[in-house]
Amino acid sequence: MTGAEYIAEFLARVGSKHVFVLTGGACAFMIDAVERHPALAYTCFHHEQSAAMAADAVWRVTGKVGVAMATSGPGATNLITGIACSYFDSIPSLHITGQVNQRESNSYHGANVRQSGFQETKIAEMVKPITKYAVMVSTPEELRSELANAYAIASSGRRGPVLVDVPMDIQQMDIPGDVVLPPDLPIAAEPAETVAAALSATLSQARRPVALWGAGIGLAGVEHAVIDWLSTSELPFVSSWAGLSSFDNAHPNFLGQIGVYGNRGANFVLQNADAVIVLGSRLDNRQRSGNPRNFAIGAKVHVVDVDEEELRKYHNDGYSTNLFDFRQLPQVLKAVQPPKIDDTWRDYVAEMKDRYFGKERSTSALRLNTQSPYDAIRRINELVAEDAIVVADTGATVCWVHQAFKVKRHKLFTAGGNSPMGYALPAAIGAKVAAPGRQVIAISGDGGLHLNIHELQTIKHHNLPIAVIVMNNGSYGIIKQFQDSYCDSRYTASRDGFSLPDFGRLAEAYGIRYARIENVEEMTPDLFTAAGPVLIDVILSEHTLIEPKLEMGRPINDQYPYLPASEYAIGNRFVDYPRSEDFLKVLDDSDPGRDRNTRA
Ligand SMILES: Cc1ncc(C[n+]2csc(CCOP(=O)(O)OP(=O)(O)O)c2C)c(N)n1
Ligand SMILES: [Mg+2]
């Protein structure tokens with residue numbers, strides 16, 4: 001067996017079925033071996049970042065490690081944005097790059113030249129900060145041990161991407177011996193009894209508790225146990241974006257997603273609690289805001305996480321923390337004493353839910369007499385299958401989706417931490433290839449779609465029935481909204497200085513069915529059940545805002561458009577979040593809720 005054939009055999013033995021590729025001289029042997037292996041298939045992309053994003057999506061929808069292959073130099077460096085998506089969101093993925101022959105490499109000459117072999121780039125060194133492990137192998141024995149090792153690292157503990165760089169001579173060498181399979185790696189964690197006792201202690205002091213559902217619950221596959229615990233202990237709960245997708249959002253205790261773009265009711269409850277139990281969320285600054293000192297100021301915050309470094313970051317915040325392997329969480333929850341919840345808190349939580357949950361509306365669209373993005377997302381929510389896979393891109397679009405879409409059995413995801421423009425389309429392709437039986441929808445902004453627009457040819461080539469929805473506001477809406485707040489509505493490089501093409505003509509060029517939606521009612525079920533791809537162009541005003549949205553310096557329960565003092569006080573019934581005199585004066589003087597974002 002050659003090195004290339006060994007890699008293919010290894011992939012088949014660990015259960016991979018698909019390899020996402022863009023070829024080149026340094027990886028052609030490996031792709032050839034993939035093609036010749038009966039258990040594997042390859043899918044070509046038109047940019048390596050798409051292949052990496054598709055590999056990232058495989059785990060999100062199947063729980064199997066996705067695989068991307070690229071050539072040396074530019075092929076390898078193009079993977080980087082997709083690899084970072086996996087790293088920041090704890091997604092295991094395996095990236096295999098071809099490298100120049102070792103006899104041609106710069107190390108062979110013993111001089112520190114920039115490059116020796118054609119397209120030689122030290123990719124393993126370059127991706128170290130965005131992978132759990134990255135290595136170049138230099139012998140057949142290393143190929144065997146390092147593939148197994150890298151794979152084990154990717155899929156253990158807090159998961160993440162790995163990269164193995166394989167010189168062409170190793171790909172062609174004879175590899176003696178059996179395939180080495182990945183070992184089970186131990187996870188450092190506190191015992192279940194310790195964690196149960198600590199959580200019980202926090203909850204025993206609490207009268208106004210709330211739980212925060214993070215991505216770690218779904219990543220560990222323990223969502224059913226957590227739902228049971230939340231139901232029986234009658235704990236209200238909120239969610240991060242990445243947490244949203246692992247439970248039915250219609251659960252009676254669920255109040256919505258929190259943070260900068262969070263639901264107002266969920267934010268009020270979190271900010272007024274006296275105990276916040278955080279399960280598997282890294283509380284990034286889209287949740288706590290740029291100023292963590294404004295977060296849950298009246299609460300004991302208790303975080304349970306699998307990553308020690310994430311817990312160490314709270315050393316100045318006074319949080320309680322437990323390092324824990326979430327796969328054991330069911331045991332812990334069984335032993336946690338339920339809290340004694342005040343009736344006033346129950347009433348308040350119900351009131352906040354009634355007032356704000358599912359009530360997302362676009363005052364900007366209303367004012368401009370145009371389509372509301374929230375109505376469009378709700379319409380999509382109604383029309384897609386209950387277990388559809390929905391991938392969101394970035395910008396205002398990803399916010400609208402996470403604010404208004406309610407998950408039933410759907411898989412809703414985005415590359416939340418890295419959030420590159422262009423993620424949704426290739427990730428949707430990866431999802432469709434990995435889960436062909438499920439309906440797949442990509443929702444992208446008109447700007448973001450362009451960063452991987454070439455993958456429309458990939459869905460056309462395979463006639464993949466993916467609905468590509470474009471939330472078309474003719475601009476980079478989220479950046480415009482930022483410029484409204486901080487640049488006096490100068491739309492430099494967000495609307496001015498570039499242009500976007502006609503999506504109907506673009507779809508025609510790719511031979512893809514096209515629907516232009518001026519009114520949400522025009523979105524019909526057949527668009528989502530078509531046999532092939534469709535591009536659905538949802539026309540919005542360029543001034544459509546994300547509502548609500550936090551502006552810099554405010555706590556997450558004081559989002560724009562600003563609530564009148566009376567409603568603000570109702571929301572902050574238990575904890576005081578005073579607005580400063582200066583801020584109140586600005587509110588009085590300019591009424592920013594109405595005046596801004598109308599510059600043509
Ligand atoms: C690769 C990359 N470059 C730049 C950005 C910064 N950025 C974030 S959102 C955005 C605009 C997105 O525009 P569009 O996709 O049309 O979404 P909208 O906000 O209009 O809904 C930009 C430039 C990014 N996230 N990713
Ligand atoms: Mg846009």
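Two residues are in contact if their C-beta atoms, placed from the backbone, lie within 7 Å. Helix H2 (residues 28–36) lies across S1, S2, strand S3 (66–70) and strand S4 (93–99). This is a predicted model, in which local features need pLDDT of at least 70, side-chain atom pairs count only at pLDDT 80 or more, and totals for chains, interfaces and linings use all residues. Residues are numbered from 1 along each chain as its sequence is written, with chains lettered from A and ligands numbered from 1 in the order in which they are written.

**Confidence**
- The average pLDDT (the predictor's confidence in each residue, from 0 to 100) is 96 for the protein, and 98% of the residues score at least 70.
- Residues 591–595 have a pLDDT below 50, with four contacts in the model beyond near neighbours in sequence.
- Where pLDDT is low, the predicted coordinates should not be read in detail.

**Sheet**
- Six strands (DSSP E runs of at least two residues, numbered from the N terminus, as are helices, H or I runs of at least four) form an open sheet in the order S2-S1-S3-S4-S6-S5, with parallel pairing.
- Pairing requires at least two DSSP bridges between two strands.
- Strand S2 (41–44) and strand S5 (133–136) are the edge strands, each pairing on one side only.
- S1 (residues 18–21) is joined to S2 by four bridges, and the two run parallel.
- Val-19 stands opposite Tyr-42 in S2.

**Helix contact**
- Gly-3, Tyr-6, Ile-7 and Phe-10 in H1 meet Pro-140, Leu-143 and Leu-147 in H8.

Conventions
Axes fitted to C-alpha atoms, helices over the stretch in contact; angles between N-to-C directions.
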